[in-house]
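The following exercises ask you to read a structure step by step, each with a worked solution. Please have the sequence and coordinates at hand before you begin.

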Amino acid sequence: MKPNILLITGGGRGIGAAISLLCAKAGWDLAVNYSRDRDAAESVAEQARAKGRHAFVVQADVSDEVQVQAMFAEIDKHDGKLAGLVNNAGVVAPLARLEEMSVARWQQVFGVNVIGSLLCAREAVKRMSTRHGGAGGVIVNMSSRAAHLGSPGIYVDYAASKGAIDTLTLGLARELIGEGIRVNGVRPGIIDTEIHASGGMDHLLDDAVAGLPIRRMGTAEEVAQAVLWLLSDASSYTVGSLIDVGGGR
Ligand code: NAP
């Protein structure tokens, strides 16, 4: 049987790495995308190969159309067919109130989180949709509980970008289900990764976690389990759904 390739954007670190490793264990072959950290992505691909999977790394800044097109062209050269996409790559900008935010910052946050997801979904649809001669597939979008909570005083722009992901998930799911592609999303709460340090949020984490019903951060693996289920046939009647992995909030 031809291998089924799963593309995980930002698959080398954090939640993306956990998704990559869990999916490799479940039998997926991997295209592990990275933007800057090639070593991390290579390490994940190497661990997948050690599990007997076909796995390789592909570089692209997902907010850049030319780079995304080149990444999919690279995937096309590998044995097997693209059968799944996890739009996981995402960024936050440093903690700020709205009146302190620049347009450049918004372009970065929306460029990676929203345009990046749109671009990768577009290229995946061209390959997976039965409308284009494909064999179908699955897409999972990484949203956030921030889409519902709004992240006031911290990063409303990031929250708004994830609100866009929720809407994209619903619309795409309905657009594509008749063409063999199932689309769903996951909304993690506070997960233990490096993203909080990248947004200068570390000092707020203890208080934020104390406010969670579950009183602890989630692990990347706990998010990955929800993604794996949505990628699998076990969720075959789940379409356009958003699974909250937020410890009760
Ligand atoms: P992370 O540890 O900071 O990792 C971010 C990943 O995204 C890295 O693999 C990074 O690649 C990749 N990335 C960033 N910019 C990129 C770009 N322009 N093109 C391609 N890849 C890019 O973050 P995380 O916590 O795992 O977050 C993963 C996803 O979960 C994001 O969408 C985030 O918004 C969402 N999420 C996280 C939390 C949380 O609490 N951690 C909560 C809700 C939602 P490099 O390794 O090459 O830098």
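**Exercise 1: Arg-122**

Arg-122 lies in helix α4, in a model that is predicted. Task: decide whether Arg-122 is buried, partly exposed or exposed, and state how far apart Arg-122 and Gln-69 are in sequence and in space.

Solution. Begin with the relative accessibility of Arg-122, which is 33%. Buried would require a value under 20% and exposed a value over 50%, so Arg-122 counts as partly exposed at 33%. Then turn to the pair: Arg-122 and Gln-69 are separated by 53 residues in sequence, while their C-alpha atoms are 9.8 Å apart in space.

**Exercise 2: The chain as a whole**

Task: state how many helices and strands the chain has, and compare its radius of gyration with that of a compact globule of 249 residues.

Solution. The chain contains nine helices and seven strands. For the comparison, a compact globule of 249 residues would have a radius of gyration near 18 Å, and because the chain has 17 Å, the two agree. As a further description of its extent, the C-alpha trace spans about 50 × 35 × 35 Å along the principal axes, and 50% of the 249 residues count as buried.

**Exercise 3: Strand β2 and its neighbours**

Task: describe the burial of strand β2, identify the strands joined to β2 by bridges, and give the handedness of the β-α-β units that contain β2.

Solution. First, strand β2, residues 29–34, is mostly covered, with six of its six residues buried. Asp-29, Ala-31 and Asn-33 point one way from β2, whereas Leu-30, Val-32 and Tyr-34 point the other way, and both sets are buried.

Second, β2 runs parallel to strand β1 (residues 4–8), to which four bridges join it, and Leu-7 stands opposite Ala-31. Strand β3 (residues 55–59) also runs parallel to β2 and is joined to it by five bridges, with Val-57 of β3 as the bridge partner of Val-32.

Third, consider the connections: β1, helix α1 (residues 14–25) and β2 form a right-handed β-α-β unit, and β2, helix α2 (residues 38–50) and β3 form a right-handed unit as well.

**Exercise 4: Strand β5**

Task: explain why strand β5 is described as largely enclosed, and find the strands joined to β5 by bridges.

Solution. Strand β5 covers residues 137–142, and since six of its six residues are buried, the rest of the structure largely encloses it. Gly-137, Ile-139 and Asn-141 point one way from β5 and Val-138, Val-140 and Met-142 the other way, all of them buried.

Next, four bridges join β5 to strand β4 (residues 81–87) in a parallel arrangement, where Gly-84 stands opposite Val-138. Six bridges join β5 to strand β6 (residues 181–188), also in parallel, and Asn-184 of β6 is the bridge partner of Val-140. The helix of Exercise 1 returns here, as β4, α4 and β5 make a right-handed β-α-β unit.

**Exercise 5: The largest pocket**

Task: give the volume of the largest pocket and describe its lining.

Solution. The largest pocket has a volume of about 1300 Å³. It is lined by 50 residues, of which Gly-90, Val-91, Val-92, Ile-195 and Ser-198 are the closest to its centre. Sorting the lining by residue type yields 24 nonpolar, 17 polar and nine charged residues. Among the elements that each supply at least two lining residues are α1, β2 and α4.

Definitions and conventions. Residues numbered from 1 in each chain as written. Predicted model: local features only at pLDDT ≥ 70, side-chain atom pairs only at ≥ 80, totals over all residues. Heavy atoms only, no water. Buried < 20%, exposed > 50% of the residue type's maximum accessible area, 1.4 Å probe, protein only. Pairing = 2+ DSSP bridges. Right-handed = clockwise from strand over helix to strand, strands pointing away. 1 Å grid on protein atoms, 1.4 Å probe; cavity = no way out; pocket = protein on both sides within 12 Å on 5 of 7 lines; lining within 4 Å. Points joined across faces, edges and corners; volume = space filled by probe spheres on them. Nonpolar A, V, L, I, M, F, W, Y, C, P; charged D, E, K, R; others polar. Rg over C-alpha atoms; globule rule 2.2 N^0.38 Å.
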